Amino acid sequence: MKLRPEQVAAKLDRPGPDIRLYLFHGPDTAGALALAARLAKGVGEGAERVDMDGAMLKGRPGLLADESASMSLFGDARFIRVTGMGEESVEAVTLLLAAERAGNPVAAIAPTIKGTSKLVKLVTASLNAVAVACYVPDAAQAAKLAVAMARDHGLRLLGDVPDRLAAVTAGDRAVLASEIEKLALYLDASPERPRDADGEAFDAIGASIADAEMNGIVSAMIAGDAAAAALPEMPGGPIPLLRGVARRLLSLAEMRAEIDDGESVDRVMERHRVFFKEQAARLARALERVRDAERAALSGSGLGEVMTAAEAIAIARAAARGR
């Protein structure tokens, strides 16, 4: 089956025994992971998670059906999460859907799979599997998504808060969820205790990037000063730094677009008062890498500071090469 956007929440929050596989396909990996996490909550708090990947299923296609049918040692709820699934998993999914029994739902994340693939066609044709297309939302969609996610936490977003959330998170669902959770915690909101979230509350929980030292680090990265960007410690942790870099890169991307639309370099430089030589593709790639590092920092895996330090040097070196 193929789910429409308005059907997704109910299916994930109350997963039924008739659905064996939830396929999240498309380029929005962060969104797919967030939907898989929502399914995990629907299965039950503390449910055991069994992790697999596409390469594992290619060599052992029967493993998916076996794990789906197996019981936890203590009889607790469990589910299976498969990352990096691709066309090599068609046989594994076929065996799962045709198995005599299955009890543990499978959340499969397939970022490179298109809607016309064999895997998606197999899932949409099945009555015991669902497919959800995951694409990075644009600004308007991200704002609507923020409102819906906030409502689940008992928050009513007022004024321009939805648009500001969409802008600061660049449509990344994982980062957006983190910001909304912080806002709900700050306001002591819950579905049973709804609260209004205005611009003042948003400002109160926002990571500050106004600190002079932090701005100096961001400037060093953009200017190509790898030595200044390679810090032994990052003041305030990695998140403020990453968001400072993301905002600076977004600003540069806007300037690049103005030049591409026909404005002169001198006029753009005069209006924005910056030295500007970046290319659109390089800016987009830098933003993507910064967002990856921020997701790692938010995951609590311990990799966020390592990735941030590495990206700081990488961006500075790339900027230096572009002079």
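**Before you start.** Buried means under 20% relative accessible area, exposed means over 50%, and partly exposed is in between (1.4 Å probe, protein chains only). This is a predicted model, in which local features need pLDDT of at least 70 and side-chain atom pairs count only at pLDDT 80 or more, while totals for chains, interfaces and linings use all residues. Residues are numbered from 1 along each chain as its sequence is written, and side-chain values use heavy atoms, with hydrogens and water left out.

**View 1. Arg38 and Asp152 form a salt bridge (a side-chain nitrogen of Lys or Arg within 4 Å of a carboxyl oxygen of Asp or Glu).** Their N to O distance is 3.4 Å. Arg38 belongs to helix α2 (residues 29–43) and Asp152 to helix α7 (residues 139–152), so this pair ties together parts that are 114 residues apart in sequence. Helices here are DSSP runs of H or I with at least four residues, strands are E runs with at least two, and numbering starts from the N terminus. Both partners are worth a look for their surroundings: Arg38 is partly exposed at 26% relative accessibility, and Asp152 is partly exposed at 41%. Asp13 joins Arg38 and Asp152 in a network of salt bridges. The count for the model comes to ten salt bridges.

**View 2. Asp51 and Arg81 meet in a salt bridge between two strands.** The N to O distance is 3.3 Å. Asp51 sits in strand β2 (residues 48–53) and Arg81 in strand β3 (residues 78–83), so the pair ties together parts 30 residues apart in sequence. Asp51 is partly exposed, at 40% relative accessibility. Strands β2 and β3 run parallel and are joined by six bridges; Arg49 stands opposite Phe79 in β3.

**View 3. Asp196 and Arg156 share a salt bridge.** Their closest N and O atoms are 2.5 Å apart. Because Asp196 lies in strand β7 (residues 195–197) and Arg156 in strand β6 (residues 155–157), the pair ties together parts 40 residues apart in sequence. Asp196 is partly exposed, with a relative accessible area of 41%, and Arg156 is partly exposed as well, with 43%.

**View 4. Five strands make an open parallel sheet.** Follow the order β2-β3-β4-β1-β5. Two strands count as paired if DSSP finds at least two bridges between them. At the edges are β2 and β5 (129–133), each pairing on one side only. Neighbouring strands are turned by 20° against each other on average, direction ignored. The angles, which run from 0 to 180 degrees between N-to-C directions, use axes that are lines fitted to C-alpha atoms.

**View 5. Leu21 is part of the largest nonpolar core (buried Ala, Val, Leu, Ile, Met, Phe, Trp, Tyr and Cys residues joined through side-chain atoms within 4.5 Å).** Of the 23 residues in this core, Leu21, Leu64, Val82 and Met85 touch the most other members. Helix α5 gives the most, with four residues. Contacts (heavy atoms within 4.5 Å) of Leu21, not counting residues up to four places away in sequence, include Val93, Leu96, Val106 and Val130. A second, separate core of 20 residues includes Leu155, Leu165, Ala189 and Phe202.

**View 6. Ser89 sits in the loop between β3 and α5 (90–98).** Ser89 is buried, at 0% relative accessibility. Leaving out residues up to four places away in sequence, Ser89 touches Gly54, Leu57 and Leu119.
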